[in-house]
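Work through the following exercises with the coordinates at hand, and compare each step with the solution.

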Amino acid sequence: ITSEDNFCLLYCILAKLYASGIPANSRQDANVYKKYLKNFNLNGIKFPIHPDEIHILEEKNKKFCFGVNVFLECNQEIYLYRQHEMEEESLKKNIINVLLLEGINDNNEKIFHYILIQDINLFLQKKYRNTTGVFSYANSITCSKCFAKFRSVYKKERHEEICSSHQKSTLLFKRKGEIIKYSRPWASYPH
């Protein structure tokens, strides 16, 4: 969404919440979303908002029932920087995934810009190159709670029945002679 102000994260949230009522050819224009800004409680929130302060925006605007996940790109790898902590089941349709870009402006100041991720499955899809140089993409479906990937909707739905939204995924590295035991039962299922 193209904008000259510091409300890019808000525009991403508004685009996700109100996209169905906005013509497709106008969704990149920030002016389309400005009429919805008055519905948000922005008191005490400084923009551009730092990812560590997004929980304040979520708390002050609980009536919209949304949660924001922030991803970063570093050395051509994607990392989850911040995961929402909302519990409501209705949140499933209002999870806003954004990519945070960092840069330097003309005054040598660090600046941030948020970009809406429309489809998390496409965004996190693995890209492969065959021996002839042709690219192809893995067909996978991503869990919205822990970002595990699955090859079928059935496996993902089965996984989500036991996936906890408050247990963050962590990588374990095995020490020599150590046996790794998983604390989450879904980790024993093949993906």
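Contact here means heavy atoms within 4.5 Å. The model is predicted, so that local features need pLDDT of at least 70 and side-chain atom pairs count only at pLDDT 80 or more, while totals for chains, interfaces and linings use all residues. Residues are numbered from 1 along each chain as its sequence is written, and side-chain values use heavy atoms, with hydrogens and water left out.

**Exercise 1.** Determine where Asn 61 lies and which residues surround it.

Solution. Start with helices (H or I, at least four residues) and strands (E, at least two), which are DSSP runs numbered from the N terminus; Asn 61 falls in the loop between α3 (54–60) and β1 (67–74). Next, take its relative accessibility of 1%, by which Asn 61 counts as buried (under 20% relative accessible area, exposed being over 50% and partly exposed in between, with a 1.4 Å probe and protein chains only). Finally, setting aside neighbours within four places in sequence, Asn 61 contacts Asn 39, Phe 40, Asn 41 and Phe 66.

**Exercise 2.** Establish the strand order of the open sheet and identify its edges.

Solution. Count two strands as paired if DSSP finds at least two bridges between them; the four strands then follow the order β2-β1-β3-β4, with mixed pairing. β2 (77–82) and β4 each have a single partner strand and stand at the edges, so one side of each is left without a neighbour in the sheet. Within the sheet, β1 and β3 run parallel and are joined by six bridges, and Val 70 stands opposite Val 98 in β3.
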